[in-house]
Amino acid sequence: MKTSADLVRDYLSAVERETSALPADRRQELLADLAEHVEVTRAERPDAAIGEVLAELGDPRTIAATALAEAGNGAAGVPARGGAGAPARRGKVHPLAPLLMLTLSVPFIIVFPHHPGPLFGVLFRITGAVLLCTSVHWTAVQKTTGVLLTVVLPTVLFTTWNLANGNTSSAAPTLVSTLANLAMLVPIAGTAAWLWRVRRA
């Protein structure tokens, strides 16, 4: 009896055979997308049968026909977008980029507590979150956890702090704000370190 891994391997082999007319890099990109989609779906729905997950992707011939049609309509080497069950390839950014953006947003605010520090800190955090969410290096669960701990939680704490302290600008609150920002940096840096450890190559 074939295991789940065998079924996935057979499915990807069928797609590879059907897409033999595609350029090698596009074919490997499509196979990587499909493999990632299977992995993410199984992580999100562990009770789902592997046959059901593969059926949702679509028939290998249909996927191949769509990919070949899109390759013929687009520029050479440009990844096809969407298709019958074929997930689109997402951003090809080094995994360190979003982690650095998320982590450095707080030190930037600490070093430049007034204009433009907060503005750039927020931009760093938003950019880091977008890069994290569009990266192929983490599962959906890992991305959600990362965004919650590095963006949502710090933003809620920062907003609560400002509302509770009236956003005053005297020297004492500035010192306390700096300490609060340093404390907020700990879970952000810890989450970034965790994401780095669990990333996929």
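Helix 6 (117-133), helix 7 (140-165) and helix 8 (171-198) each contribute at least two residues to the lining of the second largest pocket. The model is predicted. Helix 6 gives the largest share of that lining, 5 residues. The space in the second largest pocket comes to about 160 Å³. Its lining consists of Ile 109, Pro 118, Gly 121, Val 122, Arg 125, Ile 126, Val 151, Thr 155, Phe 158, Thr 159, Asn 181 and Met 184. Sorted by class, the lining holds 7 nonpolar, 4 polar and 1 charged residues. Arg is counted as charged, and Arg 125 is among the lining residues.

Val 151 is part of the lining of the second largest pocket and also belongs to a core of 9 residues, which includes Leu 99, Trp 138 and Val 147 as well.

**Nonpolar cores**

The largest nonpolar core numbers 16 residues. Within this core, the residues with the most contacts are Tyr 11, Val 15, Leu 30, Leu 34, Val 38, Leu 57 and Ile 63. Two or more core residues come from each of helix 1, helix 2, helix 3 (50-57) and helix 4. The core of 9 residues that contains Trp 138 lies apart from this one.

Helix 2 is made of 21 residues, and its first and last C-alpha atoms are 30 Å apart, close to the 30 Å expected at 1.5 Å a residue. Its buried residues include Leu 30, Leu 34 and Val 38, which are listed among the residues with the most contacts in the largest nonpolar core. Charged side chains are also found among the buried residues of helix 2, including Arg 26, Arg 27, Glu 29, Asp 33 and Glu 36.

**Salt bridges**

Side chains of opposite charge can pair when their charged atoms come close. The whole structure contains 5 salt bridges. Three of the pairs are set out below.

| Pair | Closest N to O | Accessibility |
|---|---|---|
| Glu 18 and Arg 61 | 3.6 Å | Glu 18 partly exposed, 33%; Arg 61 exposed, 60% |
| Glu 29 and Arg 26 | 3.7 Å | Glu 29 buried; Arg 26 buried |
| Arg 45 and Glu 52 | 3.0 Å | Arg 45 partly exposed, 32%; Glu 52 partly exposed, 41% |

Glu 18 and Arg 61 form a salt bridge. This pair joins distant parts of the chain, since Glu 18 is in helix 1 (residues 4-18) and Arg 61 is in helix 4 (residues 60-73), 43 residues apart. Arg 61 counts as exposed because its relative accessibility of 60% is over the 50% limit. Glu 18, at 33%, is partly exposed.

Glu 29 and Arg 26 make their salt bridge within helix 2 (residues 24-44), where they are 3 residues apart and therefore separated by about one helical turn. Both Glu 29 and Arg 26 are buried.

Arg 45 pairs with Glu 52 in a salt bridge. These residues are also part of a network of salt bridges that links Arg 45, Glu 52 and Glu 56. Arg 45 has a relative accessible area of 32% and Glu 52 one of 41%, so each falls between the 20% and 50% limits and is partly exposed.

**Ala 71 and Ala 21**

Helix 4, which holds Arg 61, also contains Ala 71. With a relative accessible area of 30%, Ala 71 is partly exposed. Its C-alpha atom is 10.0 Å from that of Ala 21, and the two residues are 50 residues apart along the chain.

Conventions:
Residues numbered from 1 in each chain as written. Predicted model: local features only at pLDDT ≥ 70, side-chain atom pairs only at ≥ 80, totals over all residues. Heavy atoms only, no water. 1 Å grid on protein atoms, 1.4 Å probe; cavity = no way out; pocket = protein on both sides within 12 Å on 5 of 7 lines; lining within 4 Å. Points joined across faces, edges and corners; volume = space filled by probe spheres on them. Helix = DSSP H or I, 4+ residues; strand = E, 2+ residues; numbered from the N terminus. Salt bridge = Lys/Arg side-chain N within 4 Å of Asp/Glu carboxyl O. Buried < 20%, exposed > 50% of the residue type's maximum accessible area, 1.4 Å probe, protein only. Expected span 1.5 Å × (residues − 1). Core = buried A, V, L, I, M, F, W, Y, C linked by side-chain atoms within 4.5 Å.
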